[in-house]
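Hi everyone, thanks for coming. I'd like to walk you through one part of a structure today, so please have it open in front of you.

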Amino acid sequence: MLFSVQQLQAQAYPNRPVRVIVPFTPGGQPDIFIRLLVPGLVEAFKHQVIIDNRPGAGGSIGSKIVADAAPDGYTLLSVSTGHTINPFLYKLPYDTLKDFAGITRTYSAPFLLVASPSLGVKSVKELIDLARAQPGRLNFGSAGLGSGTHFAGEMFKHSAGIDVVHVPSRGIAETLTDLMAGRAQFFMAPIGSAAQLVRDGKLRGLGVSSAKRPPALPDIPTIAESGLPGFEWDAWGSLLAPARTPRAIVELWNREVHRAGSAPEVTKRLNAIGMTAAPSGPRELEGLIKQQMAVVAKLVKSAGLKSE
């Protein structure tokens with residue numbers, strides 16, 4: 001069913017709070033980004049925007065809630081790149097391409113390779129050398145099987161040619177805690193979640209996954225310049241709605257997310273943690289998801305990853 005903007009205004013959409021499902025624990029980048037936008041969205045919509053964290057199964061539990069929701073604009077989904085990875089690691093109760101409508105890409109950010117201070121390594125090269133000297137002895141943390149952090153860790157493992165063990169947890173905050181306690185040795189962390197811990201000396205920052213050093217951490221080299229030439233794998237997020245959500249609602253959310261994300265105070269806070277607002281059109285996002293899934297399929301095969 002299609003509605004014009006005029007029809008939406010006549011029906012006073014939204015006329016009640018909107019729930020945005022974040023299928024991860026608090027503290028990850030999809031959570032950070034949408035929470036920064038909430039004040040601007042509330043101002044625009046004149047109703048609450050409620051962030052509802054529903055972690056589990058690499059994000060697929062929360063995603064299922066949105067896939068099954070009424071396509072009326074009152075239940076949306078804020079996800080990471082893990083959304084394009086899950087189809088290759090889980091038997092999902094929804095179709096990643098058919099059961100969602102793209103609203104906009106939300107952010108872009110590099111991963112930050114961090115190590116436990118107790119590990120004693122100070123560079124990417126030292127980490128690789130240690131892992132090669134002790135095959136199967138080191139482990140890397142992630143926010144869960146199929147999460148963007150899991151795949152980034154597998155990318156690093158495959159590119160470096162090292163034998164290390166994946167140890168998933170329930171979320172970003174839990175993995176960072178494990179790292180600081182020495183229960184995990186390294187982690188391809190979302191930069192927005194780990195940058196301050198590196199500045200505070202609680203974690204050792206070894207390298208960033210982007211092609212260039214981010215302004216937020218200018219003294220940390222890229223992984224590519226630290227021994228793995230050509231390595232580049234950035235994170236990005238997106239906002240989705242259930243399939244068949246009226247186009248006018250999608251376009252309204254696209255416009256308001258772009259507006260809220262460009263506010264000077266939001267831009268300043270994002271830049272401070274290494275994130276950048278990266279808006280797109282709905283169709284552009286849907287094409288990006290398809291493109292990313294094709295890339296992931298090839299990488300899953302070449303790295304020999306298996307579903308669990």
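**A strand and a helix**

Let's start with a pair: serine 108 in β4 stands opposite threonine 276 in β10. Keep in mind that this is a predicted model.

That pair belongs to a short partnership, as β4 and β10, residues 276-277, are antiparallel and share two bridges. β4 has other partners too. With β9, residues 234-242, it forms eight bridges, again antiparallel, and there you'll find glycine 102 across from leucine 240.

Now please look at alanine 115. Which residue is its bridge partner in β7? That's phenylalanine 186, and β4 and β7 pair antiparallel over five bridges. In β8, the bridge partner of alanine 115 is arginine 204. β8 covers residues 204-208, and four antiparallel bridges tie it to β4.

How much of β4 is covered, then? Mostly, it is: 14 of its 16 residues are buried.

Let's turn to the helix, α7, which spans residues 172-180. Its buried residues are Ile172, Thr175, Leu176 and Leu179. Why do they line one face of the helix? If you look down the axis of α7, these buried residues fall within an arc of 100 degrees, so they share one face.

And what covers them? β4 is one of the elements that do, and so is its partner β7. The others include β5 at 139-142, α6 at 148-160 and α8 at 191-199.

One last stop: after α7 comes glycine 182, with a positive phi near 85 degrees. Thanks, and I'm happy to take questions!

Technical notes:
Residues are numbered from 1 along each chain as its sequence is written. This is a predicted model: local features need pLDDT of at least 70, side-chain atom pairs count only at pLDDT 80 or more; totals for chains, interfaces and linings use all residues. Side-chain values use heavy atoms; hydrogens and water are left out. Buried means under 20% relative accessible area, exposed over 50%, partly exposed in between (1.4 Å probe, protein chains only). The arc is that of the directions from the helix axis to the C-beta atoms. Contact means heavy atoms within 4.5 Å. Two strands pair if DSSP finds at least two bridges between them.
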